[in-house]
Structures are given as structure tokens and as C-alpha cells.
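Open your viewer and get ready to pick residues by number. This tour goes from stop to stop, telling you what to select and what you will find.

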Amino acid sequence: MHKERLKQIAEFAYKTIFRQAATLSKIEQTFYGWVVFLGSGKSRVVVKFSREVGRLVLELDGLQRLRKSVSCKVPEVLFFGREDGHDYLMLEWVDGMPAHKLPATPMAISAFRDSYVDVLLEMHEHSAEGYEIPKQGFTDSFDSAFEHWMSPVYRYVMSEYSPFTPHLREIYGQLWESRADILSELKGAPSLIHDDCHIGNVLFDPKTFKVSAVLDPCDVGFRHREMDLFHLYDVRPELGLVEHYCKHVTLDDGFELRRWFFSLWDDAKHSRNMGWFDAQWLEGKVAKMHQYRPFSQ
């Protein structure tokens with residue numbers, strides 16, 4: 001992706017839709033691609049490009065599903081386009097501050113924490129007949145669903161062409177073989193999840209410190225609430241979001257073990273999607289999980 005070309009595509013799309021050139025045009029890189037912020041007067045939008053083929057189709061669907069499930073703002077999709085081989089989404093501009101910039105004051109933390117946990121609880125209360133397998137329906141077996149979701153990721157990790165070190169491949173092999181045992185204590189009904197709900201994907205109102213919008217879903221679907229909760233440790237863990245969530249919902253035994261299990265597989269998924277790899281980061285998580293389930297060396 002060439003940064004300036006993407007910016008030109010976004011500016012042309014804006015001019016076509018609003019019949020005027022944008023006086024504000026700013027492009028920023030994200031993990032999955034690029035975002036262009038455009039505006040002129042009250043006509044303000046965000047245009048997203050993804051480096052992963054097909055990602056924006058999934059996000060379009062995810063945004064629509066979340067909008068029906070939570071009371072806070074979820075950006076509307078204004079246009080889905082393709083230019084020079086690049087898919088893009090034009091989204092409405094949503095006011096708010098990135099939640100990772102939340103002030104470290106008791107009042108701000110309390111207001112945001114209460115507000116965001118309410119959003120998560122509201123979303124997770126939406127259930128289904130089983131765990132969702134895209135294009136195939138539902139299964140009442142979490143083990144079967146997890147195998148379907150993650151077997152392509154497992155094959156990627158174990159491939160000789162993946163960037164994973166021999167030690168990490170050995171660890172992931174042990175995780176895969178032990179998955180039924182690790183997940184054996186997981187119960188509870190399927191829940192609709194955001195799948196990337198760390199607070200880097202949340203905006204807050206700088207006056208009230210409450211959530212103003214939820215952004216950037218990943219693989220939205222009916223999975224298990226714990227596949228959202230581990231993300232809450234990724235950014236600003238001192239906010240205590242999981243601990244506050246647990247005042248409302250009792251988690252199944254073994255959550256601390258599954259927290260690292262899900263997190264390691266999520267990182268592997270992002271590696272498969274984007275080619276990202278950080279051995280030190282992954283080895284650190286392996287060491288954390290080792291406290292709850294020792295690995296053979």
C-alpha cells in the first residue's frame with residue numbers, strides 16, 4: 001500500500017460524495033492498514049483501508065451486528081468502495097477521545113469503567129443457539145467451534161514458512177493437543193463478541209468520561225465472552241475492567257489459564273492475517289501461562 005495513493009483515493013471518494021474537496025485530510029497507519037480522516041465544515045468522515053484481503057467485508061458485517069446489540073454509538077458505514085485494487089470503507093466521523101488517553105483520575109476511571117462494562121454486558125447478553133461457525137451455522141460444542149476457528153491458524157504456525165521459532169512451534173503444538181483439557185471447565189452460553197475490544201478501540205466523552213463509541217471490530221460472532229475479556233488486559237490493565245466485569249458475572253474456573261491460551265491464539269491469528277511476529281512478546285505470554293499449566297521443554 002502506498003500511503004499517498006491511498007490518501008488520494010480517499011480524497012476523491014470524499015469529493016465525489018460531498019461535491020466538495022476536503023479541507024482536512026490526515027492519514028494514519030494502523031495495525032491492519034491505514035485510516036484517512038477527512039472533513040470540510042460539518043461533513044466529516046473516516047476512510048479505512050486494510051492490508052488483509054477481505055478484512056473490510058468482515059468489518060462491515062461486524063459493525064452492522066454490533067449496532068443492533070449495544071446502546072452506545074457504533075459508526076455507520078456510508079460507502080464501501082474499491083479503487084486500484086484497494087477496498088475501503090467510508091465511515092461517519094464519531095466524536096470522542098481514544099480511551100487509552102483516559103485521565104488517570106479516580107472520577108474518570110470509575111465513570112469509564114462503569115460505562116464500558118455496561119456496554120460489554122449488554123453485548124454479551126445477546127446469545128444464540130450455539131457457537132457460530134461462519135457460513136456453516138452453529139454448534140453446541142465449543143471444542144468443535146474452536147477447532148474450526150483455529151485449525152487454519154494452527155496449520156500456519158506449524159508451517160515451515162511461518163516466522164514462528166522452533167520453540168514456539170513446539171509450544172503451540174502442545175497447546176493444540178491440550179486444547180480440550182484446557183477448555184474443559186469452560187461453560188456458559190454463547191455470547192456475541194466484538195473480538196478486539198481492548199480500549200484502543202473505544203472512544204470516550206471528555207466531559208463525562210463515559211463511552212461514546214465502540215470501533216474496529218474483528219471477527220464479530222457468537223463465541224464465548226472470555227474471548228473478549230482477555231483483550232481488556234492489553235491496554236491500560238490498571239483500569240481493572242475484568243475485575244469490575246466479574247462483579248456482575250461469575251467466570252468459570254480456570255479463567256486465568258484460558259486468558260493466556262486465548263491470547264496466544266489471538267496473536268497467532270493476527271500473525272497469519274498480517275505477517276506480524278514478535279518472538280519476545282509471545283515468549284513472555286508463554287511464561288505467564290506456564291505458571292498455570294507447565295509446558296514440557
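The stops below cover aromatic pairs, charges over rings, a pocket, a cavity, one arginine and the cysteines.

Before you start, keep in mind that this is a predicted model.

**Stop 1: aromatic pairs**

A search of the whole structure turns up 26 aromatic pairs. Begin with Phe49 and Tyr88: the pair counts as tilted because the ring centres are 5.7 Å apart and the planes meet at 45°. Colour by secondary structure and you will see that this pair links distant parts of the chain, with Phe49 in strand 3 (residues 43–50) and Tyr88 in strand 5 (residues 86–92), 39 residues apart. Are these two residues buried or exposed? Both Phe49 and Tyr88 are buried.

Next, select Trp176 and Trp265, an edge-to-face pair with 5.5 Å from centre to centre and 65° between the planes. Here, too, distant parts of the chain are linked: Trp176 belongs to helix 5 (residues 166–177) and Trp265 to helix 9 (residues 255–274), 89 residues apart. Trp176 and Trp265 are both buried.

**Stop 2: charges over rings**

Stay with Trp176 and add Arg179. The charged end of Arg179 sits over the ring of Trp176, 4.1 Å from the ring centre. Then move to Tyr233 and show Arg259 with it. Over the ring of Tyr233 sits the charged end of Arg259, 3.5 Å from the centre.

**Stop 3: the second largest pocket**

Now switch on a surface. Which residues lie nearest the centre of the second largest pocket? They are Leu58, Pro134, Trp149, Asp219 and Arg223, out of 25 lining residues. Helix 2 (55–67), helix 4 (142–158), strand 12 and helix 9 are the elements that each give two or more residues to this lining. The largest share, six residues, comes from helix 2. The volume of this pocket is about 680 Å³.

**Stop 4: the largest cavity**

How many cavities of 30 Å³ or more does the structure hold? The search finds two, and the largest cavity has a volume of about 60 Å³. To display its walls, select Phe146, Met150, Asp195, Arg223, Met227, Phe230, Phe262, Trp265, Asp266 and Lys269. Two or more lining residues come from each of helix 4 and helix 9, and helix 9 gives the most, with four. You have already met two of these lining residues: Trp265 is in the edge-to-face pair with Trp176, and Arg223 is among the residues nearest the centre of the second largest pocket.

**Stop 5: Arg225**

Select Arg225, in the loop between strand 12 (221–223) and helix 7 (226–229). Arg225 counts as buried because its relative accessibility is 19%, where buried means under 20%. Leaving aside residues up to four places away in sequence, Arg225 touches His124, Ser191, Ile193, Tyr245, Val249 and Leu251. For a sense of scale, draw a C-alpha to C-alpha distance from Arg225 to Asp278: they are 26 Å apart in space and 53 residues apart in sequence.

**Stop 6: the cysteines**

Finish by showing the cysteine side chains. The whole structure has zero disulfides. Why does Cys218 have no partner? The closest cysteine sulfur, in Cys197, is 11 Å from that of Cys218, which is too far for a bond. Cys246 is not in a disulfide either, with its nearest cysteine sulfur, again that of Cys197, 13 Å away. The surroundings can be compared too: Cys218 is buried at 4% relative accessibility, whereas Cys246 is partly exposed at 33%.

Definitions and conventions:
Residues are numbered from 1 along each chain as its sequence is written. This is a predicted model: local features need pLDDT of at least 70, side-chain atom pairs count only at pLDDT 80 or more; totals for chains, interfaces and linings use all residues. Side-chain values use heavy atoms; hydrogens and water are left out. A disulfide is a pair of cysteine sulfur atoms within 2.5 Å. Buried means under 20% relative accessible area, exposed over 50%, partly exposed in between (1.4 Å probe, protein chains only). Contact means heavy atoms within 4.5 Å. Rings of Phe, Tyr and Trp (its six-membered ring) pair if their centres lie within 6.5 Å; planes under 30 degrees apart count as stacked, over 60 as edge-to-face and the rest as tilted. A charge sits over a ring if NZ of Lys or CZ of Arg is within 6 Å of the ring centre and within 35 degrees of the ring normal. On a 1 Å grid over the protein atoms alone, a cavity is a set of points where a 1.4 Å probe fits but cannot get out, and a pocket is an open set with protein on both sides within 12 Å along at least five of seven lines; lining residues have an atom within 4 Å of a point. Grid points are joined across faces, edges and corners, and a volume is the space filled by probe spheres set on the points.
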